[in-house]
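The following exercises concern a protein–DNA complex and are to be worked with the sequence and the coordinates at hand. Each task is followed by a solution in steps.

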Number of protein chains: 2
Amino acid sequence: MNIYRRLPKQETQTERHRGDNLNILIDNKSGAPIYDQIYSQIKSQIISGALDENEMLPSIRGLAKDLRISFITTKRAYEELEKEGFLYTIPGKGCYVAPKNVELLREENLKKIEEHIEEIVKLAVTCNLSKQDIIEMVNFSMEEER
Amino acid sequence: MNIYRRLPKQETQTERHRGDNLNILIDNKSGAPIYDQIYSQIKSQIISGALDENEMLPSIRGLAKDLRISFITTKRAYEELEKEGFLYTIPGKGCYVAPKNVELLREENLKKIEEHIEEIVKLAVTCNLSKQDIIEMVNFSMEEER
DNA sequence: ATAACTGTATATAATGAATATATACAGAAG
DNA sequence: CTTCTGTATATATTCATTATATACAGTTAT
């Protein structure tokens, strides 16, 4: 695994280890919680395909050691990812990238879309916009879509 | 002003006082902060037209006394409403319902709605949702609206 | 002018959720 | 059995939110 900027070292590695494909960079100035940075970065690397299905991820303790944080923090990131179905865990063994689940991503996006729609409904009510008005706006914005 | 359920009393009132048209009911079990409950209820009564333009609202101290809370809490609600243009304040005198600026409110909300729709479009594209799918979701969420 | 109202400004206390942790426990692998 | 792996529970810390008291300043009517 590549932590911070210790990338060059990897060039000379001959053996492959668990988590070698994972890159994590913690930005202390970002304001985002550590567990969330880990969560997001792993998630996007899983979605992008940078990590293979069923590939073993670094252990929560190993990753924590490299990042010099408590393993409970890495655990929290992994937990979140597992809850969302992006990885699976075998206690005593390790954590693995879950097979890609298109439906899962769809569900996630649907949830986000619902949230946006909720906001829109609130706004529409306060300025007396009708359902039809909103639908027309959507129609307009998605003209190019089918 | 009508606080809690002391509504019947109003029936016998002959004189009109500032804030007589305002109804506030604080629900301690709701979980919503007090200032927010006040804010929301006044806002909706202004938008609905239950309160007239330039009508004097109860003083932050008077309202606070009736609600048996600190006047700083009522002030916070009023502050928020003023920031959003729903009321205006004359220091030393009182707070008044702002003249309805329907166009401004509408324009602001339209802009926000457009932004939400843009986000929705992005999400819809990445998970192959059709325009019709989105419209159906909007329809569902706005079932009760006209 | 002065009492009794209005709103304002600043500093402070209380609460609670979010974040990160240590420590003790249990399964897997060599 | 030693050393990995993940798990569970209890705890500390931090920080934004919420609510407050107190001192200040403008307005109004007596």
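**Exercise 1. Identify the protein surface around DNA strand C, and state which part of the strand faces it.**

Solution. The model is a predicted one.

Step 1. Collect the residues with a heavy atom within 4 Å of the strand. For DNA strand C this gives 26 residues, of which A:Y35, A:I72, A:T73, B:R61 and B:K75 are the closest.

Step 2. Turn to the DNA side of the contact. Of the atoms of DNA strand C that come within 4 Å of the protein, 61% belong to sugar and phosphate.

Step 3. Assign the residues to secondary-structure elements. From chain A, helix 2 (34-48) and helix 4 (71-83) each supply at least two residues of this surface. From chain B, helix 3 (60-67), helix 4 (71-83) and strand 4 (94-97) each do likewise. The largest share, 4 residues, is that of helix 4 of chain A.

Step 4. Sort the residues by class. The surface near DNA strand C contains 12 nonpolar, 7 polar and 7 charged residues.

**Exercise 2. Determine which chemical group of DNA strand C is approached by the backbone of A:I34, of A:G92 and of B:G92.**

Solution.

Step 1. Begin with A:I34. One of its backbone N or O atoms lies 3.1 Å from a phosphate oxygen of DNA strand C.

Step 2. Consider A:G92. A polar backbone atom of this residue is 3.3 Å from a base nitrogen of DNA strand C.

Step 3. Consider B:G92. Here a polar backbone atom is 3.3 Å from a sugar or linking oxygen of DNA strand C.

**Exercise 3. Repeat the analysis for DNA strand D, and describe its polar contacts with A:K93, B:I34 and B:T73.**

Solution.

Step 1. List the surroundings. DNA strand D has 26 residues around it, and A:R61, A:K75, B:Y35, B:I72 and B:T73 come nearest.

Step 2. Divide the DNA atoms within 4 Å of the protein. For DNA strand D, 63% of them are sugar or phosphate atoms, and the rest belong to bases.

Step 3. Locate the contributing elements. Chain A supplies at least two residues from each of helix 3 (60-67), helix 4 and strand 4 (94-97). Chain B supplies at least two from each of helix 2 (34-48) and helix 4. Helix 4 of chain B gives the most, with 4 residues.

Step 4. Sort by class: the surface near DNA strand D has 12 nonpolar, 7 polar and 7 charged residues.

Step 5. Examine the phosphate contacts. A polar side-chain atom of B:T73 lies 2.7 Å from a phosphate oxygen of DNA strand D. A polar backbone atom of B:I34 is 3.1 Å from a phosphate oxygen of this strand.

Step 6. Examine A:K93. A backbone N or O atom of A:K93 lies 3.5 Å from a sugar or linking oxygen of DNA strand D.

**Exercise 4. Describe the pairing of strand 3 with strand 4 in chain A and in chain B.**

Solution.

Step 1. Establish the sense of pairing in chain A. Strand 3 (residues 87-90) and strand 4 of chain A are antiparallel and share 4 bridges. Within this pair, A:T89 has A:C95 of strand 4 as its bridge partner.

Step 2. Inspect the hairpin of chain A. There are 3 residues between the strands, and A:G92 takes a positive phi near 85°.

Step 3. Proceed to chain B. Strand 3 (residues 87-90) and strand 4 of chain B run antiparallel and are joined by 4 bridges. B:L87 stands opposite B:V97 of strand 4.

Step 4. Inspect the hairpin of chain B. It has 3 residues between the strands, and B:G92 takes a positive phi near 85°.

**Exercise 5. Classify the packing of helix 3 on helix 4 in chain A, and of helix 5 of chain A on helix 6 of chain B.**

Solution.

Step 1. Take the pair within chain A. The axes of helix 3 and helix 4 of chain A are 8 Å apart, at an angle of about 125°. These two helices are therefore oblique to each other. Their crossing is right-handed.

Step 2. Take the pair between chains. Helix 5 (residues 102-126) of chain A packs against helix 6 (residues 131-141) of chain B at about 50°, with the axes 10 Å apart. Helix 5 of chain A is therefore oblique to helix 6 of chain B. This crossing is right-handed.

Terms used
Residues numbered from 1 in each chain as written. Chains lettered and ligands numbered in written order. Predicted model: local features only at pLDDT ≥ 70, side-chain atom pairs only at ≥ 80, totals over all residues. Heavy atoms only, no water. Polar contact = N/O pair within 3.5 Å; in protein donor to acceptor, adjacent residues only side chain to side chain. Nonpolar A, V, L, I, M, F, W, Y, C, P; charged D, E, K, R; others polar. Pairing = 2+ DSSP bridges. Axes fitted to C-alpha atoms, helices over the stretch in contact; angles between N-to-C directions. Parallel < 35°, antiparallel > 145°, perpendicular 65-115°, else oblique. Left-handed = near helix turned anticlockwise from the far one by under 90°.
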